[in-house]
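Me: I would like to go through this model with some short questions. Please give the cut-offs along with the answers.

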Amino acid sequence: MSTHGHAASADDVIPHTIAPHADTGLYNGKFGIWLFLASEVMLFGGLFSAYILLRVGAQAWPPILHGEEWKPATEILNVPLATLNTIILITSSVTVVLAWASLKMKEFSKAKMYIWLTIACALGFMVVKGFEYGAKFHHGYLPHTNNFFAIYFTITGLHGLHVLGGIVVFLYLVTTGAKMWETEPERFTNRIECTGLYWHFVDLVWIFLFPSLYLL
């Protein structure tokens, strides 16, 4: 209890969990997620840099026997499935923004619906990627096949792990973590915003990854 006889808010216990800090203009969670995303930029930036150096250094990727004909590695990738996954992730970015906006308008049930739609999109992405991986494994295309597939499985696999991480967090927030809405709605809204920022980053990585691997 506070000195005024009412229950202490989150900001009374730990400053700036709801209200922004005067120096940064950000509350703690948002400042933390931006720092985390900065490290993620360096991680994926290093992988993309390695890919670019290998791609520029090679006149062409080594052809691979696909069925009875030799094809460039990039032609073996399934562009329609990757395009579908691009649409799915862009849609999920929209639904997570709508979830946050609904919380701002105190429409909790609508926000939960949008979070579930975001989860559904993320699961759909993983299912499509599973079919794509399955086709590669069926034809014997593995990370050790050549440099292209080593890069392909490394970057898309790491991205898939990030998608899986987002699913876990969203599931927590829409189930057990949703109890916070009853006691600290502003703080819960901030959590959705922070998770949404992470999710936008995951989507942005794919938007760079899709043309780099599948189209160039």
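Me: Which side chain of opposite charge is nearest to D203, and how far away is it?
Reply: This is a predicted model, in which local features need pLDDT of at least 70 and side-chain atom pairs count only at pLDDT 80 or more, while totals for chains, interfaces and linings use all residues. Residues are numbered from 1 along each chain as its sequence is written, and side-chain values use heavy atoms, with hydrogens and water left out. D203 is buried (under 20% relative accessible area, with exposed over 50% and partly exposed in between; 1.4 Å probe, protein chains only) and has no salt bridge (a side-chain nitrogen of Lys or Arg within 4 Å of a carboxyl oxygen of Asp or Glu). With Lys and Arg counted as positive, Asp and Glu as negative, and His and the chain ends not counted, the nearest side chain of opposite charge is K129, 13 Å away.

Me: Which residues does D203 touch, leaving out those up to four places away in sequence?
Reply: D203 sits in helix α8, residues 185–215; helices are DSSP runs of H or I with at least four residues, numbered from the N terminus. Taking contact as heavy atoms within 4.5 Å, D203 touches L89, S92 and S93.

Me: Which residue forms a salt bridge with K129?
Reply: K129 is buried because its relative accessible area is 6%. Its partner is also in helix α5, three residues apart, so about one helical turn separates the two. The side chains meet at 3.1 Å, N to O, and the partner, buried at a relative accessible area of 1%, is E132.

Me: How many residues apart are K30 and E193, which meet in a salt bridge?
Reply: The structure holds four salt bridges, and in one of them the side chains of K30 and E193 meet at 3.0 Å, N to O. This pair links distant parts of the chain, with K30 in helix α2 (residues 28–57) and E193 in helix α8. E193 is buried, with a relative accessible area of 16%. The separation in sequence is 163 residues.

Me: Is E107, in its salt bridge with K110, buried or partly exposed?
Reply: The side chains of E107 and K110 meet at 3.4 Å, N to O. K110 has a relative accessible area of 35% and therefore counts as partly exposed. E107 has a relative accessible area of 31%, so E107 is partly exposed.

Me: Which residue has a positive phi although it is not a glycine?
Reply: The residue is found in the loop between α4 and α5. At 53% relative accessibility, this residue counts as exposed. Its phi is about 65 degrees, and the residue is K106.

Me: What span does helix α5 reach from its first C-alpha to its last?
Reply: Helix α5 covers residues 108–138, which is 31 residues. The expected span is 1.5 Å times one less than the number of residues, and here that expectation is 45 Å. The helix comes close to this value, reaching 45 Å.

Me: What accessible area does the nonpolar patch on the surface have together?
Reply: Patch residues have over 30% relative accessible area and no salt bridge; like charges are joined within 9 Å, and nonpolar side chains (Val, Leu, Ile, Met, Phe, Trp, Tyr) within 5 Å. Helices α4 (79–104) and α8 each supply at least two residues of the patch, and one of its members, L204, is partly exposed at 43%. I90, V94, L98, L204, I207 and F208 form the patch, with an area (Shrake-Rupley method, 1.4 Å probe, only the protein chains shown counting as cover for residues) of about 520 Å².
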